[in-house]
Amino acid sequence: MNSALLDIVQGDNGSYYFENAAESLIYALIGIVVVFAGIALLIGILYLVSFIIKKVEKIKLPSSGHEQTPSSEGTADDELPDEVKAAIVAAVMAYYAEEKPQCEFVVKRIKRL
């Protein structure tokens with residue numbers, strides 16, 4: 001099969017080299033254009049997929065009844081209930097109680113839940 005393909009580009013004198021430099025530059029230019037067109041096509045496909053994913057994420061879910069959109073204003077503190085925060089602090093305190101008996105944490109305020 002390779003020899004059949006090489007016979008297509010074989011010159012009159014039996015060599016596989018181009019007859020002049022312009023012909024090789026044209027083939028190089030065609031190759032570069034094809035590569036950049038392929039890259040542009042891949043970028044377009046990825047942009048389209050990300051656009052579709054963003055649209056799908058904004059669709060309301062029937063079970064929850066609210067939209068799932070990422071909140072740029074909220075922080076991680078807004079997402080966790082106070083009971084979970086207290087459990088995390090208690091776990092960290094229990095871990096450090098074994099490591100260092102002297103506690104470096106200081107209670108600044110107590111908030112009623």
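This passage describes the fold, surface and side-chain contacts of a predicted model.

The protein comprises 113 residues. Its secondary structure consists of 4 helices and 0 strands, and the order of elements from the N terminus is α-α-α-α. Among these helices are α1, covering residues 2-9, α2, covering residues 21-57, and α4, covering residues 82-99.

Confidence varies along the chain. For the protein, the mean pLDDT is 76, and a value of 70 or more is reached by 62% of the residues. Helix α1 has the lowest confidence, with a mean of 59, whereas helix α2 has the highest, with a mean of 91.

With respect to solvent accessibility, 0% of the residues count as buried. Buried residues are those under 20% relative accessible area. The accessible surface of the protein amounts to about 11000 Å², of which 64% is supplied by carbon and sulfur atoms.

A nonpolar patch is present on this surface. It is formed by Tyr47, Leu48, Phe51, Ile52, Val56 and Ile59, and the accessible area of these residues together is about 620 Å². One of the members, Phe51, lies in helix α2. Phe51 has a relative accessible area of 40% and is therefore classed as partly exposed. Because patch members must have over 30% relative accessible area, the 40% computed for Phe51 satisfies this condition.

Charged side chains were examined next. In the whole structure, 1 salt bridge is found. Side chains of opposite charge can pair when their charged atoms come close. In this model, Lys85 and Asp82 are joined by a salt bridge, with a distance of 3.7 Å from N to O. This value falls within the 4 Å cut-off for such a contact. Both residues belong to helix α4. Lys85 and Asp82 are 3 residues apart there, so about one helical turn separates them.

Neither partner is classed as buried. Lys85 has a relative accessible area of 28%, which places it in the partly exposed class. Asp82, at 35% relative accessibility, is likewise partly exposed. The salt bridge between Lys85 and Asp82 thus joins two partly exposed side chains of helix α4.

Key. Residues are numbered from 1 along each chain as its sequence is written. This is a predicted model: local features need pLDDT of at least 70, side-chain atom pairs count only at pLDDT 80 or more; totals for chains, interfaces and linings use all residues. Side-chain values use heavy atoms; hydrogens and water are left out. Patches are made of residues with over 30% relative accessible area and no salt bridge: like charges are joined within 9 Å, nonpolar side chains (Val, Leu, Ile, Met, Phe, Trp, Tyr) within 5 Å. Accessible areas come from the Shrake-Rupley method with a 1.4 Å probe; for residues, only the protein chains shown count as cover. Buried means under 20% relative accessible area, exposed over 50%, partly exposed in between (1.4 Å probe, protein chains only). pLDDT is the predictor's confidence in each residue, from 0 to 100.
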